[in-house]
Amino acid sequence: MDNDPKHPSEVVAKWLNKVKVLEWPSQSPDLNPIEHLWAELKKCVRARRPTNLTQLLQLCQEEWAKIHPTYCGKLVEGYPKRLTQVKQFKGNATK
């Protein structure tokens with residue numbers, strides 16, 4: 001949610017009032033490994049410069065197929081280090 005009031009719907013906001021939500025800086029790095037995977041896919045597709053929606057879909061599928069499972073494993077393995085850095089920088093941007 002990034003502490004941004006426009007993100008949660010009214011239903012979600014009511015539900016969140018019933019649970020303890022962790023404080024989190026609004027511009028903090030995303031720790032979810034899938035976000036880093038999406039960023040890599042986006043970088044690879046953008047480098048190939050699709051010119052229409054059909055080509056974009058094709059290039060996404062091609063680049064997705066090229067991502068090796070070990071890359072995904074490394075993203076997950078790197079999580080503890082990223083978490084430590086985020087704590088060290090008090091939720092601000094890390095390297």
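Trainee: In what order do the elements of the protein run from the N terminus on?

Mentor: They run α-α-α-α-α. That makes five helices and zero strands. Helices are DSSP runs (H or I, at least four residues), strands likewise (E, at least two), numbered from the N terminus. This is a predicted model: local features need pLDDT of at least 70, side-chain atom pairs pLDDT 80 or more, while totals for chains, interfaces and linings use all residues. Residues count from 1 along each chain as its sequence is written, and side-chain values use heavy atoms, without hydrogens and water.

Trainee: What makes the reach of helix H2 close to the expected one?

Mentor: H2 (residues 33–47) has 15 residues and reaches 22 Å from first C-alpha to last, against an expected 21 Å. The expected span is 1.5 Å times one less than the number of residues.

Trainee: Why is valine 19 called partly exposed?

Mentor: Its relative accessible area is 36%. Buried means under 20%, exposed over 50%, partly exposed in between (1.4 Å probe, protein chains only). So valine 19 is partly exposed, at 36%. Valine 19 is found in the loop between helix H1 (10–16) and H2.

Trainee: Which residues of H2 are buried?

Mentor: Pro33, Leu37, Leu41 and Val45.

Trainee: Why do you say that the buried residues line one face of the helix?

Mentor: Down the axis of H2, they fall within an arc of 110°, so they line one face. The arc is that of the directions from the helix axis to the C-beta atoms. On the other side, Lys43, Arg46 and Ala47 are exposed.
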